[in-house]
Amino acid sequence: MTRIIRLQDIVEEVHKHHPEADTSIIEKAYIFAARAHEGQLRKDGGPYLSHPMEVAYILARMGLGPRTVTCGLLHDTVEDTSTTIDEMDEYFGEEITDIVNGITKISQLTFGDRRTQQAEYIRKMILSMSHDIRVLLVKLADRVHNMRTLGFMEPAKQRRIAQETLDIYAPLAGRLGMFRLKAELEDLAFYYLEPEAYQQIQEGLTRKKGEREKYVQEICDLLRQKLSEHGLEGEVSGRLKHYYSIYRKLQAQQITLDELYDLLAFRIIVNSVADCYEALGVIHAIFRPVPGRLKDYIGMPKANMYRAIHSTVIGPYGERMEIQIRTQEMHRVAEEGIAAHWSYKERRAYTSKDAERFTWLKQMVDLQKELKSPRELLEGVRLELYPDEVYVFTPRGEVKELPRGATPVDFAYAIHSEVGNRCTGAKVNGRMVPLRHELQNGDTVEIITSPHHHPSRDWLQFVKTTKARHKIRQWLKAAEQEQSIALGKEMLDRELRKNGTSLQKLLKDGEELKRVVQELSFVRVDDLLAALGHGKVSPGQVSNRIFRTPAPAPSLEEGIPELVTRKEREEGALRIKDLDDLLVRLANCCQPIPGDAITGYITRGKGVTIHRADCAYLARTETFRQIPAEWDGSGDKQRVYPVRIQVVTVDKPGLLADITSALKIAEVNVTKAQVETTADRRGIAVFTIQVADQQHLDRVFTGLKRLKEVISVRRMTG
C-alpha cells in the first residue's frame, strides 16, 4: 500500500537536515495550497493536494531547506488554480514568488508545432534555472512524482512523457550531479518505453537474487576485515546497478544478462581524503586492478562536483568488480549533487558565483541566445546534456551520436557497414585527418571511400563503438575464411592427384566428399576445406577416408584406456545394459565424462570401451559391436575424469597465471599444460584437467570466459 505523505512527514524530514530551521512557512504554504487546490482531483482519483505534498517531501529528502520545500508545495497554485502572482507575493514574498513564477512560465506553452514547443520549453527552463537553480530542483521533483504515477495516463501520453524524461530531465539531473534522482528517472522512463526489456531484466535479476546477495555479503565482509586490519574505519556496501544502465550495457556489448558480469558496484565511505587513498592501496593489495580502469575524481573532480575514486579489479572468482571510494561529504554530493551544495545556501538567492560551479549552465544560457532555430537549439542542448557522448554531423547536417573518443571509422560504420568497410580516409571540418583522430562535439565529418579498400586489423586498436568492432571482425573473419578455403582446396587437390583423381571430380560427384565431411564432424564442405587451410586437418586424413585406407590401430587412437573394474561399476561409476560381467574402460580418444551421451564398443578379449556418442573414432567402427551405455547418477561423487581443453587468448604477460587461478577457483586439478604463441599474437593453451562431470566442466568454462583476454574455450578430442 502506498504511503500517504502528511505535513508532519515533510517537517520532520526538513528538521533532519536543518535542526534549527523555522518551518512555519511550510505550514503556512500547506494551508494556502490546500485551499487553492480544494475540490481538484488527480488522474488516479485522489485529491490534487497529494501531488504538491509528494513533491515537497522529495525536496525535503534531498536535504533542501524550508524555502525550497515551500516552493514544492506551491509550485502548481499559479498554473492550476485561481491564485495570482500578486497574491503569492503578498503571502510569501519576492524570493518564493519568483521561483514559483519561473516554474509556471516553463509549463505555460500554448503555441507552435511540437518541435518549436519543446525548444521553447527548454529555452525557458534554461533561463529560469540560470536565474535560480531551485526552479529546476522543484521541476525535477515534480517530474519524479509524475513519473511514479504515470500509469494512470493513456499509453501514448505515457510514452511521450517517458521519452521527454529520458531526453531532458534525467540528463539534467546527471549534469547537476543528482545521480540518485537520475537513476530513478531513467528506470521509470525505461519501464514505459521498453516494457518487455524491463521485465526480462527484472525477472533475470530476481532469479539470481539469493546468489547475488550471498556474494555481496561475502565481498563486503572481506573488505571490512581488510580495512579494519589497516586501521581504517568506513562503511562498506554493495549495490545492484539500476535497470536502465544494465540495459544500455547489454545493448552496447550485444550480450545477454547471463553474460554481463559487472552488475554490482561496491562502495567504501571513509572519514578523510587521506583514508580514500589508503583504502585504494588496501583494495589493490587484495585484488588485481584492471589496467586503465582507475579514475581519480578526487584529484580531478567532475564538472558537476562529483568526487570519488573508481577502480575496477578482478574479484575472487575471476570476475570484474567496480569499487568506489569516497568520504561522507563526497557521498552526499554524489547522491544529491547541487541540492547538497544548495542546502547550505538556503538563506540567500542563487548568485552568478554559484553558477560558475556549472560552466555548462552558462554555455547553455549563451547557446539559447545564439541559436534561434528550434532544431539547432534542441541539438545544441543535447550536446551539453550528454558529456560522455559526442554528437557530430554528416555533410548534409544529420546528427550522429557516438561515444567519447570515437573516430572517423566509428562514424563511417554508424552511417552504413559498407561505408565503414570501404573507408580509406576522412575530412573533419574540411581538413584531412588520420583515421584514429578523436572526434569532438559539433565536428562535421566526411568519409572518403574506395571500392578496392577494406578494413584493417589495426582499426580494432582504436575504434570505440561495438558496431564498428563487430563489423571489422566479421569482415576479417570472412576474408580469412576465404583464404583458408582456397588454400585447403589447393592442398587437398594436390593430395588427391597422387591417387589419380582431383578435387573437381569429387566436388562434381559430391556424395563421397559429403561422407568424409560427416565422418570428420564438419557441417559443410567449405568448413572441411577451411580446416585444411588452417592446419586443423591434414590432407592425408581426408585422402585416407576417401580411399578407405585402414584406420590406425585402436591403441593409437585410444591411447592408454582408463580401466573401470566391475566393483567400481557396481558402486556406480557406469552401468552397461545387459552386459554386467564385462570389464569396462573409458576411451582416451574422446575422454567421456558423466553428463556426456555415451556408447560402448565391444573389443574381443578386452571388454567394453566407453566412447562419447559423437566420437569420430567410434563412427569408423563396426556398428554391430556398439552397445548402449549410460552413466549411473548414484555413482561415486569423488571420482574425477580427465578432459583436454583448449583456451585461445590475446597474448599478454601473466595471462597463464590468471587462467590457472581461474582453474583453481573452479576446483580442478591440472595434470598437463602446453602453451604456445601464434604469429598473430594469440596464445593457445591446451590443458588436461580432472573434472567430476559435465556440470563441473561447464563451471570451468564459465570461469575462463569471464577473463577479458580469453577469446574462446573448447573441449578437445583425439
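Is Gln591 buried or exposed? I began my notebook with this residue, working throughout from a predicted model.

**Entry 1: Gln591**

I looked up the accessibility of Gln591 and found a relative accessible area of 6%. Gln591 is therefore buried, since the cut-off for that word is under 20%. I then located Gln591 in the loop between strand E13 (584-586) and strand E14 (598-603). Its backbone also drew my attention, for Gln591 is not a glycine and yet has a positive phi of about 50°. I noted beside this that most residues other than glycine have a negative phi.

**Entry 2: Asn429**

I turned next to Asn429, which likewise is not a glycine but has a positive phi, of about 55°. Asn429 lies in a loop, with strand E8 (423-428) on one side and strand E9 (431-433) on the other.

**Entry 3: Asp410**

I found Asp410 in helix H21, which covers residues 408-415. Asp410 counts as buried because its relative accessibility is 1%. What does the side chain of Asp410 lie 2.8 Å from? I traced this distance from one of its polar atoms to the backbone nitrogen of Thr465. Setting aside neighbours within four places in sequence, I listed the contacts of Asp410 as Leu402, Phe462, Val463, Lys464, Thr465 and Ala468. I also checked Lys467, which is 57 residues from Asp410 along the chain; the C-alpha atoms of the two are separated by 8.0 Å.

**Entry 4: Nonpolar cores**

I looked up the largest nonpolar core and recorded 72 residues in it. Those with the most contacts inside this core are Ile10, Leu59, Leu74, Leu140 and Met147. I followed Leu140 further: beyond residues up to four places away in sequence, Leu140 touches Tyr169, Ala173, Leu176, Met178, Leu181 and Leu185. Apart from this core lies another, of 30 residues, and I noted Ile610, Trp631, Leu655 and Val691 among them.

**Entry 5: The second largest pocket**

Which residues lie nearest the centre of the second largest pocket? I found Glu211, Tyr215, Tyr261, Tyr317 and Arg706 there, out of 29 residues that line the second largest pocket. The space in this pocket comes to about 1000 Å³. I sorted the lining by class and obtained 13 nonpolar, 3 polar and 13 charged residues. Helix H13 (209-229) is one of the elements that each supply at least two lining residues, and others include strand E2 (264-270), strand E5 (320-327) and helix H32 (694-705). The largest share, 5 residues, comes from H13.

Methods
Residues are numbered from 1 along each chain as its sequence is written. This is a predicted model: local features need pLDDT of at least 70, side-chain atom pairs count only at pLDDT 80 or more; totals for chains, interfaces and linings use all residues. Side-chain values use heavy atoms; hydrogens and water are left out. A nonpolar core is a set of buried Ala, Val, Leu, Ile, Met, Phe, Trp, Tyr and Cys residues joined through side-chain atoms within 4.5 Å. Buried means under 20% relative accessible area, exposed over 50%, partly exposed in between (1.4 Å probe, protein chains only). Contact means heavy atoms within 4.5 Å. On a 1 Å grid over the protein atoms alone, a cavity is a set of points where a 1.4 Å probe fits but cannot get out, and a pocket is an open set with protein on both sides within 12 Å along at least five of seven lines; lining residues have an atom within 4 Å of a point. Grid points are joined across faces, edges and corners, and a volume is the space filled by probe spheres set on the points. Helices (H or I, at least four residues) and strands (E, at least two) are DSSP runs, numbered from the N terminus. Ala, Val, Leu, Ile, Met, Phe, Trp, Tyr, Cys and Pro count as nonpolar, Asp, Glu, Lys and Arg as charged, and the others, Gly among them, as polar. A polar contact is a pair of N or O atoms within 3.5 Å; within protein, one must be able to donate a hydrogen and the other to accept it, and residues adjacent in sequence count only if both atoms are side-chain atoms.
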